[in-house]
Amino acid sequence: MSVHVVVGKGPIGVATANLLAQQGHRVRLISRSGGPAEGSIEHVALDAGDAEQLSEASAGAVAIYNCAAPPYHRWVQDWPRLSAGLLGAAERTGAVLVLTGNLYAYGPVNAPMTEDLPLNARFRKGEARARVWRDALARHQEGRVRVVEARASDFIGPGVTAGGHLAERVVPKLLRGRPVQVLGDPDAAHSWTYAPDVARTLVRLAAEERAWGRAWHVPTAPPMSARQAVEEMCRIAGLAVPRVSALPWWALRAVGLVSPLVRELHEIRYQFDSPFVIDSSAYSEAFQEEPTPAGEALAKTVEWWQEKLAT
């Protein structure tokens, strides 16, 4: 039984910690709030941007998984410190550093995204994510750390709430028979990555030395539009399909006057007005692991929301 450190207790951090515990490992789950122990999962309250504190909490760990991110509107200001803390802890302890990444760093592309694309983002949040990976890769190439990154598209699945574009703003409404508004074109092809698949990928990459020193795309089911996803969830729930329309960007601009988070969404408008598709075949071919089928992932999403809304 080995020790693993998971930073962040959002849906990906919790899923990763639970998976590791199920495999018989001891887990230290790092967050600012901490909490009581749950079986072999120990909750530790600290600031992961503090390399000294994180190093102490990671003593004896074989891997550190970063499943945390700064507040969305603070990425540019806060990612450098969090990244430095993670790299410092990995270097001091010798633990493998496994990063949870996304697709922002590529910037707009006109084809399915693969891991060999250049990191050409020309907007602030994309540049911030690209910098995190470049800094980590540079340390890896210098022999100072061992690092790998798992990149995913927008999350769906149990536990995904305000941070998901096909979650809190959509699923409760469709379950109540209300009209649904989504970002961008409701009929644009879009990739949705199932949260438990992210956790499974992070744990696998930590254990595979041949995976280190590069980024991998998390196994992700074939794309479907937001409208198709809503229709499928309604079919699963046995409900009539409500009206699905685009949330006007001008309305978001108005809300953005008082909401820093909403204000930031305009930078990623391209991800919803046009096809946004991930190609995860490299990982599937290398590790013989396929994504959870979309129907199953959406069924688990609906089931989780039904239980949440019933309590």
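This short talk covers the largest pocket in this structure and two pairs of packed helices. Keep in mind that we are looking at a predicted model.

Let's start with the pocket. Rolling a probe the size of a water molecule over the atoms shows where empty space is left. Here, the largest pocket has a volume of about 1,400 Å³. Its lining has 46 residues. Closest to the centre are Cys-67, Ala-68, Ala-69, Pro-70 and Trp-75.

Which elements give two or more residues to that lining? There are two helices, α1 (11-22) and α3 (75-93), and the strands β2 (26-31), β5 (96-101) and β7 (154-156). α3 gives the most, with five residues.

Now the chemistry. By class, 23 lining residues are nonpolar, 15 are polar and eight are charged.

Where does the largest pocket lie? Domain 1 covers 3-154 + 193-217, and domain 2 covers 157-190 + 222-275 + 293-310. Both give residues to the lining, so the pocket lies between them.

On to the helices. Two packed helices are described by the angle between their axes and the distance between the axes.

Take α1 first. Its partner is α6, residues 195-207. Their axes come within 8 Å and cross at roughly 55 degrees. That makes α1 oblique to α6. The crossing is right-handed.

Next, α3, the helix that gives the pocket lining five residues. Its partner is α4, residues 124-141. The axes of α3 and α4 come within 10 Å and cross at roughly 15 degrees. Angles under 35 degrees count as roughly parallel, and α3 and α4 are therefore roughly parallel to each other. The α3 and α4 crossing is right-handed.

Conventions. Residues are numbered from 1 along each chain as its sequence is written. This is a predicted model: local features need pLDDT of at least 70, side-chain atom pairs count only at pLDDT 80 or more; totals for chains, interfaces and linings use all residues. Side-chain values use heavy atoms; hydrogens and water are left out. On a 1 Å grid over the protein atoms alone, a cavity is a set of points where a 1.4 Å probe fits but cannot get out, and a pocket is an open set with protein on both sides within 12 Å along at least five of seven lines; lining residues have an atom within 4 Å of a point. Grid points are joined across faces, edges and corners, and a volume is the space filled by probe spheres set on the points. Helices (H or I, at least four residues) and strands (E, at least two) are DSSP runs, numbered from the N terminus. Ala, Val, Leu, Ile, Met, Phe, Trp, Tyr, Cys and Pro count as nonpolar, Asp, Glu, Lys and Arg as charged, and the others, Gly among them, as polar. Domain bounds come from an automatic or database domain assignment. Axes are lines fitted to C-alpha atoms, for helices over the stretch in contact, and angles run from 0 to 180 degrees between N-to-C directions. Angles under 35 degrees count as roughly parallel, over 145 as roughly antiparallel, 65 to 115 as roughly perpendicular and the rest as oblique. A crossing is left-handed if the near helix is turned anticlockwise from the far one by less than a right angle, and right-handed if clockwise.
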